Protein chains: 2
Amino acid sequence: MTHAKTAAFTAEQQQLARVAKALAHPARVAIIQFLARQTTCISGDIAAELPLARTTVSQHLQELKAVDLIRGEIDGLTVCYCLNTALLRQVQQQFTAFFDAATAGAACGPDGACAC
Amino acid sequence: MTHAKTAAFTAEQQQLARVAKALAHPARVAIIQFLARQTTCISGDIAAELPLARTTVSQHLQELKAVDLIRGEIDGLTVCYCLNTALLRQVQQQFTAFFDAATAGAACGPDGACAC
DNA sequence: AGAGTATGACGTAAATTTACGTCATAATAT
DNA sequence: ATATTATGACGTAAATTTACGTCATACTCT
């Protein structure tokens with residue numbers, strides 16, 4: 001968030017922004033999609049799937065974990081990563097509500113005050 | 001995107017990431033919500049609504065405009081900003097599809113391979 | 001024309017992000 | 001025990017983001 005002035009925004013705005021930030025990189029979007037396709041909890045094969053260095057992928061994984069969108073548990077030699085579907089569902093609702101509100105008011109346009 | 005290796009990801013992943021990035025800051029979330037509430041296309045009053053300097057808000061506005069989520073047209077002395085509801089609706093579908101896919105596969109959990 | 005106001009462009013400093021390489025650690029296989 | 005393999009931690013360089021201040025420009029009002 002860099003220079004964050006977070007205190008001034010509502011919790012909803014911050015939560016939405018936090019999740020959006022987590023999805024703000026194609027690699028992380030790809031990771032989630034990959035995880036969704038896996039039936040078993042594959043670990044670092046994720047790195048093999050992406051055009052990025054393993055350490056970089058690991059870093060993205062940590063970021064997603066920080067927002068709790070994914071969970072990871074050590075299973076012997078490999079780490080089992082999986083989606084936090086409960087949170088994902090909850091986040092989906094937040095996004096839906098946000099977009100609904102945004103698209104609801106047809107303020108501008110040919111019928112509005114200006115001609116955007 | 002910083003060191004972007006965009007070429008390696010699908011257009012969908014990049015588009016999703018681009019929009020997510022645009023929403024990755026509470027100020028921008030707030031701006032969109034504010035715009036949604038306005039019936040008329042208010043301009044820089046937005047700055048007054050947020051705890052940020054006018055120039056900073058202007059910068060966020062430019063970023064949102066760069067992704068085309070909002071439109072802005074000069075109307076005399078003020079600039080008329082409004083939401084691109086068409087794109088917003090389209091983006092909403094993308095997010096919905098993404099989340100649906102992500103929450104669909106109940107890979108892990110008590111019944112899965114690992115105990116995340 | 002001249003004052004006043006709204007904006008975007010430009011420049012800048014500090015903090016973050018991104019992408020990697022290198023290590024240390026831990027577990028499996030030999 | 002010793003190699004092999006998988007991971008996360010740590011450090012780092014380059015690019016971006018964020019938040020502002022200061023200007024130049026453009027338009028309205030007198």
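**Asp68 loops and a buried helix**

In chain B, Asp68(B) sits in the loop that links helix 4 (54-66) to strand 1 (70-75); helices (H or I, at least four residues) and strands (E, at least two) are DSSP runs, numbered from the N terminus. The structure is a predicted model, in which local features need pLDDT of at least 70 and side-chain atom pairs count only at pLDDT 80 or more, while totals for chains, interfaces and linings use all residues. Residues are numbered from 1 along each chain as its sequence is written, and chains are lettered from A and ligands numbered from 1 in the order in which they are written.

Phi of Asp68(B) is positive, near 75°, although the residue is not glycine. Most residues other than glycine have a negative phi. Asp68(B) is partly exposed, with 15 other C-beta atoms within 10 Å; 20 or more would make a residue buried and 12 or fewer exposed, with C-beta atoms placed from the backbone. In chain A, Asp68(A) lies in the loop between helix 4 (54-66) and strand 1 (70-75), has a positive phi of about 75° and is partly exposed, with 15 other C-beta atoms within 10 Å.

Helix 2 of chain B (residues 26-37) offers another view: its 12 residues reach 17 Å from first C-alpha to last, close to the 16 Å expected at 1.5 Å a residue, where the expected span is 1.5 Å times one less than the number of residues. Because 9 of the 12 residues are buried, helix 2 of chain B is largely enclosed by the rest of the structure. Among the buried residues are Val29(B), Ile32(B) and Leu35(B).
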